[in-house]
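Work through the exercises below with the coordinates open. Try each task before reading its solution.

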Amino acid sequence: MPPPKDVVKIAIQMVGAIPQLIELQQTKPLASVLKDVCDAWSLPNAERYALQYADGRQTYITESNRRDIKNGSILRLTTSPDQEAEQLYIGIQSKNVDVKTDSLKKLASLSQDITFAQEFISRNGLKQIYSIVEEGKDAGEMLAHTLKAFTELMEHDFVSWENLSTVFIKKIVSYVNMNAVDASIQQLSLSILENMVPASRLLFEVVKKEVTLDRLLTHLQATNAQLQLKAMALLIALLLSATDAERRNMMDYLREKNIRQFIHKNIIHSSEPLGDEMAHYLYVLQSVSLNLCEHRMKTSMDPYSQEQRDLLQSLRQTAFESESDAPAGTFSTERRRSLCAKEFRKLGFMNNSNPAEDLRRAPPGLLALDNMVYFSRTTPIAYSRFVLENSSREDKHECPFARSSIQLTLILCEILHIGEPCSETAQAFYPMFFGQDHFFEELFCICIQLVNKTWKEMRATQEDFDKVMQVVREQITRTLNLKPTSLELFKTRVNALNYSEILKLRQTERLHQEETLAVPVLELREKLKPELLELIRQQRLLHLCEGTLFRKISSRRRQDKLWYCRLSPNHKVLHYGDVEEGVQSPPIENLPEKIPVADMKMLLVGKECPHTKEKSSGKQNKDVLELAFSIVHDVEEYCLNFIAPTRYEFCLWTDGLNVLLGKEMTSERTQTDLDVLLSMELKLRLLDLENVSIPDDPPPIPKPPSNLNFCYDFSQAEQ
């Protein structure tokens with residue numbers, strides 16, 4: 001008979017004593033449980049002791065978290081958090097260097113526990129840490145432990161970052177700016193500053209002033225990968241907290257220092273593999289840089305702005321040696337206006353008498369004008385060839401440059417997600433972005449020539465404009481999905497993907513769709529589905545057995561803490577626990593926490609998850625909602641919360657957990673995988689029927705022939 005829900009069987013250890021095996025009554029007060037445990041070992045003063053997990057993070061057991069204890073857990077009797085906090089508070093003030101160092105080292109370890117942290121902070125322990133840093137007498141290992149303890153204590157959000165003194169901040173800044181400082185101290189200092197920046201505008205301004213971009217670039221060029229990562233994290237925090245004007249100035253300065261080329265050469269194409277954290281920061285840097293175009297994209301052209309009108313006129317003047325630019329007395333005003341209108345029509349403006357009207361639509365707004373001007377100035381020969389080639393045609397097949405440019409700019413903004421907020425978890429960046437200054441404009445220059453090329457291949461007229469732009473969007477999207485490493489490679493591949501290739505791809509997809517819609521094929525699909533769904537279920541469970549590395553994300557910042565979760569080979573227990581950076585696939589033995597599958601009640605996703613509700617007070621990022629899921633276990637108030645690293649992982653984990661719960665797999669990945677497997681299986685089954693049309697209805701069964709007499713007459717045989 002299974003034990004009651006309020007009773008768990010556990011082991012309790014103590015140094016120098018035989019472990020106790022007890023049945024923990026969850027309804028019994030924790031103080032009474034401790035008294036019984038201490039009495040069994042003849043220990044007085046039970047109030048001076050506490051229980052904590054023997055493995056993993058060694059969290060203290062309290063009334064609030066005792067329900068997390070599972071059958072088979074191993075606990076340890078140890079000094080209570082208030083006693084430990086008191087001893088360490090005294091220890092870090094010791095004049096004995098060894099005692100002080102050991103106390104700080106232990107403090108850095110125990111500060112991860114929220115119960116201990118609360119006790120230590122309540123004794124004004126942070127003030128002592130401030131003093132150690134501000135006095136600046138300690139260095140090396142002792143200082144590293146002090147900064148580590150401070151970081152862990154602040155992680156619990158008991159104390160505001162705005163309470164830090166100017167002296168303390170400047171001391172942390174000095175560790176970042178000094179050359180002769182241990183790398184571990186610089187890493188911790190950079191991490192502390194990264195936490196400060198989003199906390200308040202004042203702290204942002206202090207850090208921005210004290211830590212120059214040049215200094216951050218120096219750390220980025222370090223050979224130490226962790227130092228490089230922390231420097232990038234602080235740079236991203238500064239960019240995200242800056243105003244639009246400050247962000248633009250910072251990005252301009254970084255461009256002058258050739259940061260893109262450095263990242264492209266020494267980080268993206270480094271001999272070391274790119275970590276998830278760095279990939280995220282590169283994505284954010286790309287997103288922030290592209291979003292600098294947002295203002296121009298959302299600004300309509302002002303027909304009364306002389307600067308904008310001059311830019312518009314420069315397009316006409318670069319393309320044509322215009323008669324309308326002759327001296328004022330040569331032509332009448334009416335004649336000059338007529339010539340300008342004719343030339344703007346040749347440029348492809350819809351409203352040739354007032355071309356500014358074409359640019360009133362926002363988006364793409366003035367960004368389209370900027371792109372056209374950039375193309376005309378950086379590649380004047382290609383620009384003139386485009387315009388003159390199409391303006392001299394009389395067969396109604398001319399490609400309108402201006403109209404195409406405006407629509408292409410809008411397409412590129414949509415594909416590159418310009419104007420959208422940065423994701424908290426995304427890691428998808430384009431390597432070629434970091435290999436080229438003026439990336440957006442250069443990409444436009446390649447794609448506008450692609451428009452002209454595709455237009456000619458399609459022999460399009462003005463009525464076909466939307467069709468051409470759909471093909472161009474498809475060409476760009478398919479090529480970007482290949483993740484070319486440079487714009488030159490992108491140019492080669494996108495030009496190779498001509499209109500005939502697009503037609504072939506479309507035809508293949510259409511034929512595949514048509515052949516799978518025949519009635520007999522649909523019936524065969526339905527018969528194959530159960531077997532293939534079972535195959536997908538097995539794959540999902542296998543993926544859960546392999547496990548996944550998850551990140552902890554708080555409302556304040558993207559965390560660098562990791563935890564791992566995996567399913568046991570017998571599919572009966574989920575094991576999880578915190579892991580260090582760089583650990584790829586820890587064995588189950590190293591994951592101390594566990595949830596029996598039998599105790600799992602339901603799966604929550606998106607807005608239903610408790611950890612997304614906690615964050616709802618701030619600006620909720622859409623992608624976090626799309627990647628969040630929780631397992632409800634035991635009773636409904638206990639959940640294990642996840643933020644999947646990618647949408648792919650989200651689909652596999654939610655499917656796998658639904659399989660364990662005996663429910664249907666509901667993710668979009670299930671349908672995709674099922675379609676792929678069905679397609680492969682159908683092709684194999686129908687291989688002998690290639691080029692044979694499959695009728696919708698089975699052929700009719702013919703009537704039996706008149707001489708069909710296979711019935712034996714037993715009555716005659718008996719006579």
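The exercises go from the chain's division to its sheets, helix pairs and backbone details.

This is a predicted model, in which local features need pLDDT of at least 70, side-chain atom pairs count only at pLDDT 80 or more, and totals for chains, interfaces and linings use all residues. Residues are numbered from 1 along each chain as its sequence is written, and side-chain values use heavy atoms, with hydrogens and water left out.

**Exercise 1. Domains**

State how the chain is divided into domains, and how far apart the C-alpha centres of domain 2 and domain 4 lie.

Solution. Domain bounds come from an automatic or database domain assignment. Domain 1 covers 7-79 and domain 2 covers 92-281. Domain 3 is written in two pieces, 298-321 + 335-509. So is domain 4, as 530-613 + 620-671. The C-alpha centres of domain 2 and domain 4 are 31 Å apart.

**Exercise 2. The sheet with S1**

Find the strand order of the 4-stranded open sheet, then trace the partners of alanine 11.

Solution. Helices (H or I, at least four residues) and strands (E, at least two) are DSSP runs, numbered from the N terminus. Two strands pair if DSSP finds at least two bridges between them.

- Step 1. The order is S2-S1-S4-S3, with mixed pairing.
- Step 2. S2 (20-25) and S3 (49-53) are the edge strands, each pairing on one side only.
- Step 3. From one strand to the next, the twist averages 40°. Angles run from 0 to 180 degrees between N-to-C directions, and axes are lines fitted to C-alpha atoms, for helices over the stretch in contact.
- Step 4. S1 (residues 7-13) pairs with S4 (residues 74-79) in the parallel sense, over 3 bridges. Here alanine 11 has isoleucine 74 as its bridge partner in S4.
- Step 5. S1 also pairs with S2, in the antiparallel sense over 6 bridges. Leucine 21 in S2 stands opposite alanine 11.
- Step 6. The hairpin of S1 and S2 has 6 residues between the strands, and glycine 16 there takes a positive phi near 80°.

**Exercise 3. The sheet with S9**

Which strands stand at the edges of the 3-stranded sheet, and what does that leave on each?

Solution. The order of this open sheet is S9-S10-S11, and the pairing is antiparallel. S9 (600-605) and S11 (639-643) are at the edges; each has a single partner strand, so one side of each lacks a neighbour in the sheet. The twist averages 15° from one strand to the next. S9 and S10 (residues 628-633) pair over 5 bridges. Leucine 603 has its bridge partner in S10, isoleucine 631. H28 lies across S9, S10 and S11, at about 150° to S9.

**Exercise 4. Two helix pairs**

Classify the crossing of H25 with H28, then that of H16 with H19.

Solution. Angles under 35 degrees count as roughly parallel, over 145 as roughly antiparallel, 65 to 115 as roughly perpendicular and the rest as oblique.

- First pair. The axes of H25 (residues 519-546) and H28 (residues 647-660) come within 8 Å and cross at roughly 105°. H25 is therefore roughly perpendicular to H28. Their contact (heavy atoms within 4.5 Å) includes Arg537 and Leu541 in H25, and Trp653 and Asp655 in H28.
- Second pair. H16 (residues 306-319) and H19 (residues 380-391) pack at about 80°, with axes 9 Å apart. These two are therefore also roughly perpendicular to each other. Leu315, Arg316, Thr318 and Ala319 in H16 meet Tyr383, Ser384, Val387 and Leu388 in H19.

**Exercise 5. Backbone and salt bridge details**

Locate the cis peptide bonds at proline 363 and proline 364, then inspect H21 and the loop after it.

Solution.

- Step 1. Alanine 362 and proline 363 are joined by a cis peptide bond, with omega about -5°.
- Step 2. The bond from proline 363 to proline 364 is cis too, with omega near 10°. Proline 363 lies in the loop between H17 (333-347) and H18 (366-378), and proline 364 lies in that loop as well.
- Step 3. The structure holds 31 salt bridges (a side-chain nitrogen of Lys or Arg within 4 Å of a carboxyl oxygen of Asp or Glu). One of them joins glutamate 457 and lysine 453, at 2.9 Å, N to O. Both lie in H21 (residues 439-458), 4 residues apart, about one turn of the helix.
- Step 4. Arginine 459 is in the loop between H21 and H22 (465-480). Its phi is near 45°, a positive value in a residue other than glycine.
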